[in-house]
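Subject: Handing over the structure

Hi,

Here is the structure I wanted to pass on to you. Have a look at it first, and then read on for my notes on what turned up.

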Amino acid sequence: MFETLTRVPDDPILGISAAFKRDTTPLKVDLGVGVYKDDRGNTPVPAAVRRAESEVLAAQSTKTYLTPVGNPGFNAQMLELVAGTDQAGRKGDWAAGQAPGGSGALRLGAELLRLSSPGSKIHVSDPTWANHTPLLSSAGFQLERYPYYSAIRHAVEFDQMMAHLEALPAAAVVLLHACCHNPTGQDLSMTQWEAVADVCARRGLLPYVDIAYQGLGDDLERDAASIRLLARQVPEMLVAVSCSKNFGLYRERTGLLLALTSSNERAGIAAGQLGRLARTIWSMPPDHGAAIVDRVLSQPELRRSWTEELAAMAKRINDLRRLLADALSARTGGTDFSWITRQRGMFSRLDLTPAMVDTLREKHHVYCAPDGRVNIAGISASNVEHVATSIAAVMGYA
Ligand code: LMR
């Protein structure tokens with residue numbers, strides 16, 4: 001029966017990592033998958049995470065089951081990290097379900113939506129993370145795109161985005177990136193978030209916010225400000241949270257789905273449904289990463305160390321933005337790349353056609369996503385010359 005299966009094309013993001021590994025040239029540069037890297041190209045485990053991990057292992061006397069909604073300490077700590085210590089003035093209205101990574105959280109949220117508003121469409125930004133579309137459509141949703149990014153102005157197409165949202169029917173779901181927009185790095189300003197919250201509240205739209213890079217844009221508080229603002233204005237929303245990048249826990253698959261409901265009672269019902277849904281998909285989420293995050297956030301010394309290391313990571317990325325913009329400008333006769341410095345998070349999307357991306361990879365051994373998305377954290381003082389010269393060459397400036 002498996003003869004009916006067809007071969008799967010390479011994943012647009014993970015396929016780059018595989019191709020990069022096969023390349024034996026020493027000067028190769030990986031700007032593909034969104035993982036943080038230090039100046040030597042390593043993806044570190046934050047010191048606080050390392051310490052918390054050994055403390056968790058030392059203290060753990062059993063590995064018996066927790067619950068389908070996961071580790072209660074992790075859920076409570078993460079709710080406060082994302083929504084603020086006052087939970088955006090909505091204490092008791094949030095339901096939480098731990099999930100295997102941000103992708104698991106997105107799937108859990110989609111399953112909850114299928115129950116609560118089966119006919120709704122999900123509207124995603126144009127462009128959005130390459131995995132949003134297959135992930136959400138395989139959960140049974142029809143997706144539509146709202147205008148988001150102008151590759152000409154390197155800015156948000158805000159008027160067009162708002163016109164799209166204003167025309168949506170009630171109960172439409174709007175997927176938003178809380179910060180560090182993937183793939184463009186172009187975030188909404190707080191004034192623009194105010195307008196988005198207003199249209200969602202007026203038209204009864206459900207914000208579904210993806211936050212995968214909290215702390216890697218400006219800082220932990222500012223990167224979550226959009227969620228707190230929305231939570232004060234809309235009755236209900238969903239938030240899919242990833243701990244992959246900010247805690248460096250990628251392979252431990254640590255994430256969380258938060259559902260903001262209109263009352264304490266509804267939050268209890270939603271939490272019950274999240275547990276039931278999780279039980280039918282993965283039964284219970286993995287605890288290792290969640291136990292580590294709970295420890296990091298609940299031990300003041302570990303929390304301080306993690307916050308400082310995360311701030312240093314964000315600073316490094318923002319410094320690299322300047323380094324890349326200057327190097328590109330120098331190699332393209334003074335072309336303005338300052339927009340790269342105004343963007344946030346791991347990504348910017350360069351004006352590269354798929355053919356240019358192929359040449360960049362095949363001729364210059366610089367690997368980026370097919371849509372021209374580059375992982376800024378993959379740049380370093382030692383490779384920026386090669387990266388900028390190669391990009392300028394494929395753009396025709398050689
Ligand atoms: C990315 O966008 O590169 C990351 O979120 C990793 C992934 O799973 O795609």
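Let me start with R304, which is partly exposed at a relative accessible area of 40%. Before going further, please keep in mind that this is a predicted model. R304 pairs with E301 in a salt bridge, and their closest N and O atoms are 2.5 Å apart. Both residues sit in helix α12, 3 residues from each other, or about one turn of the helix. E301 comes out as partly exposed too, with a relative accessible area of 41%.

Other salt bridges

How many salt bridges does the structure hold? The count is 24. One of them has a similar local layout: D358 and R361 meet through their side chains at 3.2 Å, N to O. These two are 3 residues apart in helix α14 (residues 354–364), so about one helical turn separates D358 from R361. D358 counts as partly exposed at 31% relative accessibility, and R361 does as well at 25%. There is also a network, in which R51, E55 and R295 are joined by salt bridges that share partners.

K121 and E144 make a salt bridge of another kind, with the closest N and O atoms 2.8 Å apart. This pair ties together distant parts of the chain, 23 residues apart: K121 is in the loop between α4 (101–116) and β3, while E144 belongs to strand β4 (residues 143–147). In terms of exposure, K121 is partly exposed at 28% relative accessibility, and E144 is partly exposed at 31%.

Two domains and what lies between them

The domain assignment splits the chain into domain 1 (10–45 + 315–394) and domain 2 (65–298). Note that domain 1 is put together from two stretches of the chain. The domain centres, taken over C-alpha atoms, are 28 Å apart. On the contact itself, domain 1 puts in 19 residues and domain 2 puts in 20 residues.

As for area, the two domains bury about 1700 Å² between them, and carbon and sulfur atoms account for 54% of that. Which residues of domain 1 lose the most area to domain 2? They are R344, F347 and R349, which together make up 33% of what that side buries.

R344 comes back when you look at charge pairing, as its side chain forms a salt bridge with that of D218 (2.9 Å, N to O). The rule finds 1 salt bridge across the interface of domain 1 and domain 2. Polar contacts between the two domains come to 11 residue pairs, with both residues of a pair at pLDDT 80 or more. On the domain 1 side of the contact, α12 (300–331) and β11 (347–349) each supply at least two residues. The top contributor there is β11, with 3 residues. By type, the residues on that side split into 8 nonpolar, 6 polar and 5 charged.

Backbone oddities

A bit of background for this part: most residues other than glycine have a negative phi, and most peptide bonds are trans. Here are some places to check in your viewer.

- D126 and P127 are joined by a cis peptide bond, with omega about 5°. P127 is in the loop between β3 (122–126) and α5 (132–138).
- N182 and P183 also share a cis peptide bond, and omega is about 25° here. P183 falls in the loop between β7 (173–177) and α7 (190–203).
- A88 shows a positive phi of about 55° although it is not a glycine. You will find A88 in the loop between α3 (72–83) and β2 (94–99).
- A171 has a positive phi as well, about 75°, and is not a glycine either. A171 lies in the loop between α6 (158–166) and β7.

Are these two alanines buried or exposed? A88 is buried, with a relative accessible area of 2%, whereas A171 counts as partly exposed at 34%.

One asparagine to look at

Last stop: N383, in the loop between β13 (373–375) and α15 (384–394). With a relative accessible area of 13%, N383 falls under the 20% cut-off, so it is buried. What does the side chain of N383 reach? It gets to the backbone oxygen of G378, at 3.0 Å. If you set aside neighbours within four places in sequence, N383 is in contact with V29 and G378.

Cheers

Note on methods. Residues numbered from 1 in each chain as written. Predicted model: local features only at pLDDT ≥ 70, side-chain atom pairs only at ≥ 80, totals over all residues. Heavy atoms only, no water. Helix = DSSP H or I, 4+ residues; strand = E, 2+ residues; numbered from the N terminus. Buried < 20%, exposed > 50% of the residue type's maximum accessible area, 1.4 Å probe, protein only. Polar contact = N/O pair within 3.5 Å; in protein donor to acceptor, adjacent residues only side chain to side chain. Contact = heavy atoms within 4.5 Å. Domains from an automatic or database assignment. Buried area = accessible area lost by both parts, 1.4 Å probe. Salt bridge = Lys/Arg side-chain N within 4 Å of Asp/Glu carboxyl O. Nonpolar A, V, L, I, M, F, W, Y, C, P; charged D, E, K, R; others polar.
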